[in-house]
Structure formats: structure tokens, C-alpha cells
Amino acid sequence: MKTVLITGGSGGIGASAARQCAADGMGVIVTYNNHPDLAENVVKEIEVAGGYQI
């Protein structure tokens, strides 16, 4: 499995990239500088869609 590191994953392009990479079967690491609640929502969306957390 390929793994990708997404910076700025709490919103905008970063969140969209995280969702798409997960949908494409990649492992996703999400980082953020602000808005931890939004980053957590992105991770939860990925998990609900069938992704998993390491």
C-alpha cells in the first residue's frame, strides 16, 4: 500500500486530497496547523468510507 502525507488536511485542497487519496486506496496521514476538529472530521469521513486508521 502506498502512503501519502497530507499537510493542511483540515480543510480546502488538503482535505479534498486526503479524501481522494483514501478513496484511491492509499494510506493517508493528515496533519494540520489549525482547526483540529475539522481535521478529525476528515479522518472520520475517511474511516466511514472504508479507510482505516493506523
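**View 1. V28 and its surroundings in strand β2 of this predicted model.** Let us start with V28, a residue of strand β2. Leaving aside neighbours within four places in sequence, V28 is in contact with V4, I6, A18, C21 and A22. Is V28 buried, exposed or partly exposed? V28 counts as partly exposed, because its relative accessibility is 24%, and the buried class takes in only values under 20%. If you would like a distance to check on your screen, try V28 and A17: their C-alpha atoms are 9.5 Å apart in space, with their positions 11 residues apart in sequence.

**View 2. Strands β1 and β2 side by side.** Here the two strands run parallel, and four bridges join β1 to β2. Which residue of β2 stands opposite T3? T3 faces G27. A little further along, L5 has I29 in β2 as its bridge partner. To get from β1 to β2, the chain passes through α1, and this β-α-β crossover is right-handed. While you are looking at the strands, a general point may help: in a regular strand, side chains alternate between the two faces of the sheet.

**View 3. Helix α1 and its two sides.** Helix α1 has 12 residues and spans 17 Å from its first C-alpha to its last, close to the 16 Å expected at 1.5 Å a residue. Which residues of α1 are buried? They are G14, A15, A18 and C21. These buried residues sit on the same side of α1, because they cover an arc of only 135 degrees around the axis. On the other side of α1 you will find G12, I13 and A23, which are exposed. As for partners, the buried residues of α1 pack against β1, β2 and α2.

**View 4. G14, a buried glycine of helix α1.** Staying with α1, this view picks out G14 from the helix. G14 counts as buried because its relative accessibility is 10%, and the cut-off for that class is under 20%. Which residues touch G14, once neighbours within four places in sequence are left aside? The contacts of G14 are I6, T7, G8 and G9. You can also locate V30 from here: G14 and V30 are 16 residues apart in sequence, while their C-alpha atoms lie 8.5 Å apart in space.

**View 5. The end of α1, and M1 at the start of the chain.** Just after α1 comes G25, with a positive phi of about 90 degrees. G25 also makes a handy landmark for M1: the two are 24 residues apart in sequence, yet 7.6 Å apart in space from C-alpha to C-alpha. Where is M1 placed? M1 belongs to the segment before β1 (3-6). M1 counts as exposed because its relative accessibility is 64%, and exposed means over 50%.

**View 6. H35 in the loop that leads to α2.** Between β2 and α2 there is a loop, and H35 lies in it. H35 is worth a look at the backbone: although this residue is not a glycine, its phi is positive, at about 65 degrees. With 47% relative accessibility, H35 counts as partly exposed.

**View 7. Helix α2 and its buried face.** Helix α2 takes in residues 36-48, which makes 13 residues, and reaches 18 Å from first C-alpha to last, close to the 18 Å expected at 1.5 Å a residue. The buried residues of α2 are A39, V42 and I46. Why do they line one face of the helix? Seen down the axis of α2, the buried residues fall within an arc of 55 degrees, so they share one face. They pack against α1 (12-23) and β2 (27-30). After α2 comes G50, whose phi is positive, near 115 degrees.

**View 8. The largest nonpolar core.** Our last view brings several of these residues together. Which residues make up the largest nonpolar core? There are seven in all: I6, A15, A18, V30, A39, V42 and I46. α1 and α2 each supply at least two residues of this core, and α2 gives the most, with three. For a closer look at one member, take I46: not counting residues up to four places away in sequence, I46 touches A18, R19, A22 and G51.

Definitions and conventions: Residues numbered from 1 in each chain as written. Predicted model: local features only at pLDDT ≥ 70, side-chain atom pairs only at ≥ 80, totals over all residues. Heavy atoms only, no water. Expected span 1.5 Å × (residues − 1). Buried < 20%, exposed > 50% of the residue type's maximum accessible area, 1.4 Å probe, protein only. Arc of directions from axis to C-beta. Contact = heavy atoms within 4.5 Å. Core = buried A, V, L, I, M, F, W, Y, C linked by side-chain atoms within 4.5 Å. Pairing = 2+ DSSP bridges. Right-handed = clockwise from strand over helix to strand, strands pointing away.
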